[in-house]
Amino acid sequence: MKEKTLSVTAICEGTVIDHIQNGQGLRILRLMKLLSAPPVTLGLNLKSESMGLKDIIKIENVFLSSSQTAQIALFSPEATVNVIQDYQITSKYKVSLPDTVEEILSCRNPLCVTQDERLPARFAILEIRGRVHLRCQFCEKLHAREDLDE
């Protein structure tokens, strides 16, 4: 009989973001400005049968909006979101890439109007050969997701 151990404690109410691509957990917390949220547990480099290694985020007493879960997909398209109530999973779903994203990433093109005018960047999301790319809707420059800063 295989013994099961929990690496991260359970939460009573809140959200668990599981199956996060290894190394993206902290980036997702920063991106979504959740570092100052009520108790947050971040598990890094956890063993996963399907992924090898994964990250996990548990946020107590916080329930994510659909736009927040779509943002997670930018950095971990295979992530799942679990809604927890009274220590039980009441809803579980995979994240999906949004069509566009605004205000969370910056265009790296120094000639983009968002640099001079201090406008919030807006990107169209494209998947090219299995990789996420973002096209700035102001200057139309195409960026690999990995090249953009929060």
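Biologist: Let me start with one residue: why does E102 count as partly exposed?

Modeller: In this predicted model, E102 has 42% relative accessibility. Buried would need under 20%, and exposed would need over 50%. The value for E102 falls in between, so E102 counts as partly exposed.

Biologist: And what makes R122 partly exposed?

Modeller: The reasoning carries over. R122 comes to 30% relative accessibility, so R122 is partly exposed too.

Biologist: How do you know that the side chains of E102 and R122 meet in a salt bridge?

Modeller: The cut-off is a Lys or Arg side-chain nitrogen within 4 Å of a carboxyl oxygen of Asp or Glu. For E102 and R122 the N to O distance is 3.9 Å, so the pair qualifies. E102 sits in strand β6 (residues 100-102) and R122 in strand β7, so this salt bridge ties together parts that are 20 residues apart in sequence.

Biologist: How many salt bridges does a search of the whole structure find?

Modeller: The search finds 3. One of them joins K54 and D18, with the closest N and O atoms 2.8 Å apart. Set against the limit of 4 Å, that distance meets the definition. K54 belongs to strand β3 and D18 to strand β1, so the pair links parts 36 residues apart in sequence.

Biologist: Are K54 and D18 buried or exposed?

Modeller: Both K54 and D18 are buried, a label that calls for under 20% relative accessible area.

Biologist: What makes E78 and K94 a salt bridge?

Modeller: Their closest N and O atoms are 3.7 Å apart, and the limit is 4 Å, so the pair counts. E78 lies in the loop between α2 and β4 (80-85), while K94 is in strand β5, so parts 16 residues apart in sequence are tied together.

Biologist: Let's turn to the sheet. How do you know that β2 and strand β3 pair?

Modeller: Pairing asks for at least two bridges between the strands. β2 and β3 (residues 52-60) have 7 bridges, so they pair, and they do so in the antiparallel sense. As an example, L42 has I57 in β3 as its bridge partner.

Biologist: What is the order of the strands in the open sheet?

Modeller: The 5 strands run β2-β3-β1-β4-β5, with antiparallel pairing. β2 (40-48) and β5 (88-94) are called edge strands because each pairs on one side only. From one strand to the next, the twist averages 20 degrees.

Biologist: Which residues touch the most other members of the largest nonpolar core?

Modeller: That core has 30 residues, and the ones touching the most other members are I17, L64, I72, L74, L105, F123 and L134. Several elements supply at least two residues each, including β1 (14-21), α1 (25-31) and β8 (131-136). The largest share, 4 residues, comes from α2.

Biologist: Which residues are in contact with F123, leaving aside its neighbours within four places in sequence?

Modeller: Among them are L105, C107, L134, C136, H143 and L148. Contact here requires heavy atoms within 4.5 Å. Apart from the largest core lies another one, of 5 residues, among them I11, V16, I56 and I84.

Biologist: And the chain overall: how many helices and strands does it have?

Modeller: The protein chain has 3 helices and 9 strands. Of its 150 residues, 41% count as buried.

Conventions. Residues are numbered from 1 along each chain as its sequence is written. This is a predicted model: local features need pLDDT of at least 70, side-chain atom pairs count only at pLDDT 80 or more; totals for chains, interfaces and linings use all residues. Side-chain values use heavy atoms; hydrogens and water are left out. Axes are lines fitted to C-alpha atoms, for helices over the stretch in contact, and angles run from 0 to 180 degrees between N-to-C directions. A nonpolar core is a set of buried Ala, Val, Leu, Ile, Met, Phe, Trp, Tyr and Cys residues joined through side-chain atoms within 4.5 Å. Buried means under 20% relative accessible area, exposed over 50%, partly exposed in between (1.4 Å probe, protein chains only).
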